[in-house]
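Student: I have this model open beside its sequence and would like to go through it with you. Please start wherever you think best.

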Amino acid sequence: MKRYVSYWEKKERDTMSAKETTTIGFIGTGVMGKSMARHLLQAGYPVIVHNRTKEKASDLLVEGAEWVDSPYEMALKANVIITIIGYPKDVEEVYLGEHGLVNNAKENTYLIDMTTSTPSLAKKIYEEAKKKNIYAVDAPVSGGDVGARDAKLSIMVGGDEEVFKEVQPIFEVLGTNIVYQGPAGSGQHTKMCNQIAIASTMIGVSEAVVYAKKAGLDPETVLQSISAGAAGSFSLSNLAPRMIKGDFEPGFYIKHFIKDMRIALKEAEEMNMETPGLSLAETLYSRLSAKGEDESGTQALFKYWD
């Protein structure tokens with residue numbers, strides 16, 4: 001008698017089968033990327049890593065990841081390649097350079113850029129990849145070091161919906177809020193919405209903490225009240241405590257946030273949209289950058305008042 005196979009048994013069987021035929025390449029093992037690559041290793045995927053500084057991948061190599069010296073070598077070995085790197089110029093070189101992924105990956109490879117980059121570059125990568133029968137999606141993330149460490153990232157995906165469904169099991173290893181947003185570039189546009197919302201929020205969070213101190217209140221006690229009310233946000237719950245403790249280590253670098261805000265400002269300008277909150281935040285963070293705070297976390301905006 002044929003045994004009934006439940007939906008969950010079939011899903012688990014399909015997932016195991018996919019892992020046996022999937023080799024994931026991961027480029028960018030920084031503050032967030034290292035945790036993300038680790039989750040993929042722990043989920044049972046073979047993982048190949050590359051980073052400009054090999055030392056930043058040393059823990060992953062001990063845990064079972066394989067190292068390659070270049071994106072070119074990775075393109076020859078992996079059939080799913082994830083990138084989370086610095087700036088659009090880095091993304092363009094890694095994907096579209098002569099020795100980059102698009103020009104050297106095998107047919108039917110999946111390319112997933114999780115960097116926050118420009119929507120126009122995401123579309124260009126998608127179009128160039130399609131010419132070579134390679135599937136590209138833009139899938140920037142939000143959640144910072146905490147979200148990456150806890151596998152609770154928010155992932156915003158642009159590209160072909162069929163391709164999104166193919167790689168969704170991989171996203172599910174990395175995040176909990178995974179949303180298909182539309183055609184190529186849509187993930188990056190959604191991330192701009194995210195960064196615009198955070199930009200003004202960070203000003204408000206910093207001002208609230210400074211105000212509490214100047215009013216002679218205990219800022220931690222104040223947070224107990226306001227973080228559970230209408231003012232509640234990820235930034236208030238996760239970054240305000242770091243401000244109070246004087247912990248400005250990066251969960252997300254100021255230099256990268258400035259990059260994101262400038263992309264959003266340019267996109268908004270092209271849509272004839274005024275963004276006063278975003279413009280003010282970019283100005284304040286740029287002043288901090290000029291004072292040598294590029295490598296600090298975004299919560300270092302607190303120092304503008306302190």
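**Working through the model**

Tutor: Let us begin with the largest cavity, where strand 5 (110-113), helix 7 and strand 6 each supply at least two residues of the lining. Helices (H or I, at least four residues) and strands (E, at least two) are DSSP runs, numbered from the N terminus. This is a predicted model, in which local features need pLDDT of at least 70 and side-chain atom pairs count only at pLDDT 80 or more, while totals for chains, interfaces and linings use all residues. Residues are numbered from 1 along each chain as its sequence is written, and side-chain values use heavy atoms, with hydrogens and water left out.

Student: Which residues line the largest cavity?

Tutor: The lining includes Tyr95, Leu111, Ile112, Asp113, Ala122, Ile125, Tyr126, Ala136, Val137 and Asp138, and Gly158 and Ala184 belong to the lining as well. On a 1 Å grid over the protein atoms alone, a cavity is a set of points where a 1.4 Å probe fits but cannot get out, a pocket is an open set with protein on both sides within 12 Å along at least five of seven lines, and lining residues have an atom within 4 Å of a point.

Student: And how much space lies in the largest cavity?

Tutor: About 80 Å³ (the space filled by probe spheres set on the points, which are joined across faces, edges and corners), and the count comes to 1 cavity of 30 Å³ or more.

Student: Back to helix 7, then: which of its residues are buried?

Tutor: In helix 7, which runs over residues 119-131, Pro119, Leu121, Ala122, Ile125, Tyr126 and Ala129 are buried (under 20% relative accessible area, with exposed over 50% and partly exposed in between, for a 1.4 Å probe and protein chains only). These residues lie on the same side of helix 7, because they cover an arc of only 160° around the axis, taken from the directions from the helix axis to the C-beta atoms.

Student: What covers that buried side?

Tutor: The cover over the buried residues of helix 7 includes helix 5 (88-96), helix 6 (101-104), strand 6 (135-138), helix 10 (186-214) and helix 13 (254-270). Just after helix 7, asparagine 133 takes a positive phi of about 60°.

Student: Where else is there a positive phi outside glycine?

Tutor: Asparagine 108, with phi near 70°, sits in the loop between helix 6 and strand 5 and is partly exposed at 43% relative accessibility. Alanine 151, with phi near 55°, belongs to the loop between helix 8 and strand 8, and at 17% relative accessible area alanine 151 is buried.

Student: New topic: what is the volume of the largest pocket, and which residues lie nearest its centre?

Tutor: The volume of the largest pocket is about 1,100 Å³, and of its 50 lining residues, Met32, Ile85, Phe252, Tyr253 and His256 lie nearest the centre. Helix 10 gives the largest share of that lining, 6 residues.

Student: Last one, valine 157: buried or exposed?

Tutor: Valine 157, in strand 8 (residues 153-158), is buried, with a relative accessible area of 0%. Beyond its neighbours within four places in sequence, valine 157 is in contact (heavy atoms within 4.5 Å) with residues including Val137, Phe164, Phe171, Val179 and Gly187. Its C-alpha atom is 8.3 Å from that of alanine 184, 27 residues apart along the chain.

Technical notes:
Expected span 1.5 Å × (residues − 1).
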